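Student: I would like to go through this model with you. Please tie each label to its definition.

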Amino acid sequence: MEENVISLSGFSDLMKETLHLKAVDIKSYSPLALAYIGDAVYELIIRTKVMNHGSTQVNNMHKKSAKLVNAGTQADIIRRLLEEEDLTPEEIAVYKRGRNAKSVTTAKHATVADYRTATGFEALCGYLYLNGELERLIAVVGKGLERIGELE
């Protein structure tokens with residue numbers, strides 16, 4: 001039986017074609033819009049990682065995911081990436097735009113500083129995703145998880 005495997009770039013192309021997505025200038029999106037999609041993309045990456053540990057109770061998977069998908073952890077990740085100079089100047093600029101964006105919402109379980117820092121990280125994830133830089137997105141998240149000791 002032939003296996004139908006799609007590469008990361010193929011996935012992006014398939015999404016554009018199947019969903020009739022139009023070309024959009026990524027720079028036209030607000031940082032909070034980038035964070036909106038980036039939050040979902042980051043969570044999907046984390047859930048994929050958690051699922052890869054094997055089938056276990058959904059509650060246990062949720063607890064592990066929730067530990068990694070929260071403002072405090074996301075803030076730790078981006079701070080470590082910045083300390084280790086793992087990001088390009090363009091990525092740093094996108095992060096800063098997201099961090100500095102004025103949001104009407106606040107986190108329930110995070111400091112304002114962590115919430116804003118995490119929003120910047122999510123904006124970076126959204127930017128890389130929408131720009132079709134999926135390999136770079138996964139590399140950044142992987143390096144971030146490694147930096148905080150969560151990559152086994």
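**Contacts, fold and one helix pair**

Tutor: Start with range: of the contacts in the protein chain with a separation of 6 or more, 72% join residues 24 or more positions apart. Contact means heavy atoms within 4.5 Å. This is a predicted model: local features need pLDDT of at least 70, side-chain atom pairs count only at pLDDT 80 or more, and totals for chains, interfaces and linings use all residues. Residues are numbered from 1 along each chain as its sequence is written, and side-chain values use heavy atoms, with hydrogens and water left out.

Student: What makes the pattern of the protein chain α-α-α-α-α-α-α?

Tutor: The chain has 7 helices and 0 strands. Helices (H or I, at least four residues) and strands (E, at least two) are DSSP runs, numbered from the N terminus.

Student: Why is the protein chain called as compact as a globular protein of that length?

Tutor: Its radius of gyration is 16 Å, and the globule rule gives 15 Å for 152 residues; the two are close, so the label holds. The radius is taken over C-alpha atoms, and the rule is 2.2 Å times the number of residues to the power 0.38.

Student: Why are helix 2 and helix 3 called oblique to each other?

Tutor: Their axes, lines fitted to C-alpha atoms over the stretch in contact, cross at roughly 135°. Angles run from 0 to 180 degrees between N-to-C directions. Under 35 degrees is roughly parallel, over 145 roughly antiparallel, 65 to 115 roughly perpendicular, and the rest oblique. Helix 2 and helix 3 are therefore oblique.

Student: Which residues of helix 2 meet helix 3?

Tutor: Tyr42, Ile46, Arg47, Val50 and Met51. Their partners in helix 3 are Met61, Lys64, Ser65 and Leu68.
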